[in-house]
Amino acid sequence: MRGKTVLLIIGGGIAAYKALELVRRLAERGVRTRAILTKAGAEFVTPLSVSALTGEKIYSDLFSLTDEAEMGHIQLSRSADLVVVAPATADLMAKMANGLANDLASTSLLATDKPVLMAPAMNVRMWESASVKRNREILEKDGVLFAGPNDGEMACGEFGPGRMAEPLEIVAAIERALAIEGPLAGFKALVTAGPTREPVDPVRFLANHSSGKQGYAIADALARAGAETTLISGPVDLTAPQGVKLQRVTTAREMLAACEAALPADVLVMAAAVADWRPDFAANSKIKKSTDRVVPLIKLVENPDILATIAQSAQRPRLLIGFAAETDDVVPNAVAKRARKGADWIIANDVSGDVMGGDRNRIHLISEAGTEDWPDMTKSEVGIQLAARIAKTLKGAA
Ligand code: C5P
């Protein structure tokens, strides 16, 4: 990313404050940002705060003769490697979809010869309106890239899609748009996700509430960071992240076999909620309700512990990461689990709330060095930060 320039168009929306953090995150990565603040955007963040962070003057008015003399709007839109619109309002999307050019932002979008990435932010009803949908389709057809929006609570109190993607998620999309070789290029990663299903008979099974979202987000982030990534997933309702090799399994024993077949790898992240037990035998035909109301007894037997098995094997990856979904004594239990299973790191999370199935997570990273408490963030951000840590560790050890 170092040395690249982004032209950031900050539209008018409450999410504009997040554009400031985006500028900071880009600066940390050595990316230069030039910003255009729309008239509406300037209602939410001041030109001064933006220019303090970008270290450059702010462009805001198409008809400012001094601006045009310094750098004309055509040159401004082409001097960057990528144009990012964050927040992208319904208005900016509509202007670009229809070729309107009545201010600096829309004129630059029309004049640019560079890829455009939009991070929409608007009320859920606006996002779901027929016209915004239509404009989005047009923009996608025109090759405009999108980051988000996310589902979540909005400033207006409503809930649903329309919340702007988090700054780190936009940074990841920028990295992908610029097709930059990620820090994990040349490394092989294996991730497990979702629940396992243990059959009782052809129509019934034992399972859990794991949605697979955290594991999929980690696989996505590892792939975006350049790792050759395989995702072994239990039954979930998610689509494979771009560039990830997805293998679906059902039971714990299938998951173990799939992991063993996919090894060797440099890193294995076991985010799957593997069933600890399975019925000792699965009936071949549906167990019938008996007329005398005798309830069938299901005897359980232990499943193989995939993490512990791989920790002991000759194929053990250099970095072995387990998860600990706990409802009580989260950190002490996870510390004990790390030792018991022979993992390098344990990612502990409290699943007594709505973590399972939700979009956010608060994790504790437990390693030899101790425990780190990470703040609450989206599962996608957890994936991105974790991928960065994995890259740092693997590169340090390489
Ligand atoms: O013991 P517990 O199920 O809480 O451990 C969680 C960690 O161990 C997770 O990383 C999970 O994927 C892994 N695990 C496993 N095989 C099992 C049970 C859990 O690999 N049978």
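Start by colouring the two domains separately: the centres of domain 1 and domain 2, taken over C-alpha atoms, are 37 Å apart. Keep in mind that what you have open is a predicted model. To make the selections, use 5-177 for domain 1 and 188-397 for domain 2.

**Stop 1: where the domains meet**

Now show the residues on either side of the contact. You should get nine residues from domain 1 and nine residues from domain 2. How much area do domain 1 and domain 2 bury between them? About 800 Å², with 49% of it on carbon and sulfur atoms.

Next, pick out Leu168, Glu169 and Arg176 in domain 1 and show them as sticks. These are the residues of domain 1 that lose the most area to domain 2, and together they make up 57% of what that side buries.

If you go hunting for salt bridges across the interface of domain 1 and domain 2, the count is zero. Polar contacts are another matter: two residue pairs make them between domain 1 and domain 2.

Switch to cartoon and look at which elements carry the domain 1 side. Strand S6 (150-153) and helix H9 (167-177) each give two or more residues to the side that touches domain 2. H9 gives the most, with five residues. Colour that side of domain 1 by class and you'll find three nonpolar, one polar and five charged residues.

**Stop 2: Ala275**

Leave the interface and select Ala275. Look for this residue in the loop between strand S13 (267-270) and strand S14 (277-279). Is Ala275 buried or exposed? Its relative accessibility is 12%, so Ala275 counts as buried, the cut-off being under 20%.

Show what surrounds Ala275: leaving aside neighbours within four places in sequence, it is in contact with Thr196, Glu198, Ala252 and Asn303. For a sense of scale, draw a distance from the C-alpha of Ala275 to the C-alpha of Gly160. The two residues are 115 residues apart along the chain, and the line should read 32 Å.

**Stop 3: Asn361**

Last selection: Asn361, in strand S18 (residues 360-361). This residue is buried too, because its relative accessible area is 1%.

Which side chain makes a polar contact with the side chain of Asn361? Turn on Asn349: the two side chains meet at 3.4 Å. Then bring up the rest of the surroundings. Not counting residues up to four places away in sequence, Asn361 touches Gln214, Asn349, Val355, Pro375, Asp376, Met377, Lys379 and Val382.

Technical notes. Residues are numbered from 1 along each chain as its sequence is written. This is a predicted model: local features need pLDDT of at least 70, side-chain atom pairs count only at pLDDT 80 or more; totals for chains, interfaces and linings use all residues. Side-chain values use heavy atoms; hydrogens and water are left out. Domain bounds come from an automatic or database domain assignment. Contact means heavy atoms within 4.5 Å. Buried area is the accessible area (1.4 Å probe) that two parts lose on being put together, summed over both. A salt bridge is a side-chain nitrogen of Lys or Arg within 4 Å of a carboxyl oxygen of Asp or Glu. A polar contact is a pair of N or O atoms within 3.5 Å; within protein, one must be able to donate a hydrogen and the other to accept it, and residues adjacent in sequence count only if both atoms are side-chain atoms. Helices (H or I, at least four residues) and strands (E, at least two) are DSSP runs, numbered from the N terminus. Ala, Val, Leu, Ile, Met, Phe, Trp, Tyr, Cys and Pro count as nonpolar, Asp, Glu, Lys and Arg as charged, and the others, Gly among them, as polar. Buried means under 20% relative accessible area, exposed over 50%, partly exposed in between (1.4 Å probe, protein chains only).
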